[in-house]
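Me: Could we walk through this protein model together, one question at a time? I'd like the cut-offs spelled out as we go.

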Amino acid sequence: MTRYVLTLEDSAAFEPWREMARTALQRAVPPEALDWRIRGGETDLFGQITDDGAGLEALTVLPVVKTVTLRASCIALLRDLLCHSDPGRFALAYRIAWRVQGNPHLLEVVTDADIARARIMVRQNREDCHKMASFLRFREEPVQQGEGQGERRRFLAWFEPQHHILERIAPFFSKRFTDMDWMILTPRGSIRWDGKELVCSPEPCEQPELDDGFGELWDTYYASTFNPARVRTKAMRREMPGRYWKNLPETRLIPQLVAGAEARVRTMAEQELRPAPAFHERLRAREQLPAEPMPDVAENLEDLAVQVRTCTACPLHCSATQAVVGEGPADARIMVVGEQPGDQEDLAGRPFVGPAGQLLHEALAKAGIDRGALYLTNAVKHFRFRLQGRRRIHQNPDAGHVAACRPWLEQEIALIRPKLIVSLGATALRALDGPGMAMSDVRGTSWTVGRGENAVRRLALAHPSWLLRLGEGAQAESERQRFVEGLARLGDFPDQSGS
């Protein structure tokens, strides 16, 4: 039997192996006829010196005898398998691909020796990813001489993974630290993120020497959060194997913290009970009281603003910077109601000053509408968000938040007495008209609510933030033009300036 030697780099690159494996499978070359080697090695993958056989060129000369098909589940398994560092992974992957041609359900046979071994190796890859996500520490890179103070801060980290997992774990770090410039160096390659592009390189790296002065601060934090009552040394060794200790600054503290744990627990047990902090007492008292009634109806917008800024009717006030009240003339004939403050509005304390607000102002200018003649406000007064790294990502308010803020919106309407109310987005529409009216049914249309002197015209338009999410393209341009045309209808409304 002719033997063929196929040489690959010692990395997790799937496509080179895939091309070689497809070439061999199409020519019906059995696994025992292939020697898979790592470039630079003198032995085969099992550590034995062998005679050189025919190379890839000789393999490609053979005639194609069959068509090769692999299921997506098989390709996913093989891709994960090749992330392992075991030199025999190439041969194992080809053997599985060869056998699955005659047995499409091979992957379901968990007792099969090849499948069992492959699953163990994939699990070890996942464990390595978990360890890297848990035990990697970024340190700030010193600023080089001549670099300006306006340069973005850069961070480096060193880790020693057991397997070729960099491409697999890279998206985790780019999402977790999306607002940082950083690089992760390892003996198996590197990952680089500059805030826009994620680059993985297979070139081996050397461990850098960094001293950013953070070690002492980190030691203080770790020691202060160490709970002596929950020390489980076996669990600690299992979750944090010793091979990772040398690259973790806190590990030098662990022996003395563990040694003093028993004494600290006794000291804690001997301490007398202390009263809860005043803040907790206030919360406990609040839970025992009936719901607080809404404050008295404000006599003017200034009084209303004071009441809104102290509102605790829903949990959003706990995480938001401040409540954002409406802004505009007290006798405005037109009121524009948005959804909720965004990140920049929450920090500035003013409505529509962020990217969506800028788009609204540009659209008003194109439509010929005076921004200063409008009263701008939001249906919900606090910013709702989720954290992604250091970024605060907008989240839509739910029905409870809208209901909690509805009295404030109703008071704004009662004080200003607008003749036209423009709702931007589905949340504002729901706050004004209830859940029975769908945005898709009324967008771009106007109608009248009430009769006589209490009649108020209504106009429903899309929210500018939705237009921003459309990005660029023909659809986005069409929707923005439609938004401008909707705002232009405000110019046909009588006395829109309030005169």
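Below are some questions on the fold, with short answers.

Me: Happy to start with the basics: what kind of model is this, and how many helices and strands does the protein have?
Reply: This is a predicted model, in which local features need pLDDT of at least 70 and side-chain atom pairs count only at pLDDT 80 or more, while totals for chains, interfaces and linings use all residues. Residues are numbered from 1 along each chain as its sequence is written, and side-chain values use heavy atoms, with hydrogens and water left out. Helices (H or I, at least four residues) and strands (E, at least two) are DSSP runs numbered from the N terminus. On that basis the protein has 20 helices and 14 strands.

Me: What percentage of the residues count as buried?
Reply: Buried means under 20% relative accessible area, exposed over 50%, and partly exposed in between, with a 1.4 Å probe and protein chains only. The protein has 499 residues, and the share that counts as buried is 41%.

Me: Which strands stand at the edges of the sheet that contains β12?
Reply: Two strands pair if DSSP finds at least two bridges between them. Five strands form this open sheet, with mixed pairing, in the order β9-β8-β12-β14-β13. A single partner strand is available to each edge strand, so one side of each is left without a neighbour in the sheet; these edges are β9 (374–378) and β13 (446–449).

Me: In that sheet, which residue of β14 stands opposite both S446 and V422?
Reply: On one side, β14 (residues 456–461) pairs with β13 in the antiparallel sense over four bridges. On another, β14 runs parallel to β12, joined by five bridges. S446 and V422 stand opposite one and the same position of β14, L459.

Me: How enclosed is β14, and which residue in the turn of its hairpin with β13 has a positive phi?
Reply: Five of the six residues of β14 are buried, so this strand is largely enclosed by the rest of the structure. β13 and β14 form a hairpin with six residues between them, and in the turn a positive phi of about 85° belongs to G450.

Me: What packs around the buried residues of α17, and which residue just after α17 takes a positive phi?
Reply: In α17 (residues 426–433), the buried residues are T427, A428, L429 and A431. They pack against β8 (334–338), α16 (399–416), β12 (420–424), α18 (439–442), β13 and β14, where contact means heavy atoms within 4.5 Å. Just after α17, a positive phi of about 85° is taken by G434.

Me: Now the helices: at what angle do the axes of α3 and α5 cross, and which class does it fall in?
Reply: Axes are lines fitted to C-alpha atoms, for helices over the stretch in contact, and angles run from 0 to 180 degrees between N-to-C directions. The axes of α3 (residues 72–81) and α5 (residues 113–135) come within 9 Å and cross at roughly 60°. Angles under 35 degrees count as roughly parallel, over 145 as roughly antiparallel, 65 to 115 as roughly perpendicular and the rest as oblique. That makes the relation of α3 to α5 oblique.

Me: Which residues of α5 make the contact with α3?
Reply: From α3, the contact is made by L77, D80 and L81. On the α5 side, the residues are A118, M121, V122, N125 and R126.

Me: Where is S190, is it buried or exposed, and which residues does it touch?
Reply: S190 lies in strand β6 (residues 189–193). With a relative accessible area of 10%, S190 is buried. Not counting residues up to four places away in sequence, S190 touches L166, I184, L185, V199, C200, S201, E203 and C205.

Me: A28 and F352 both have a positive phi without being glycine; which loop holds F352, and what is its relative accessibility?
Reply: Most residues other than glycine have a negative phi. A28, with a phi of about 55°, sits in the loop between α1 (14–26) and β2 (34–38) and is partly exposed at 34% relative accessible area. F352, with a phi near 55°, is in the loop between α14 (343–348) and α15 (355–367). F352 counts as buried, at a relative accessibility of 5%.
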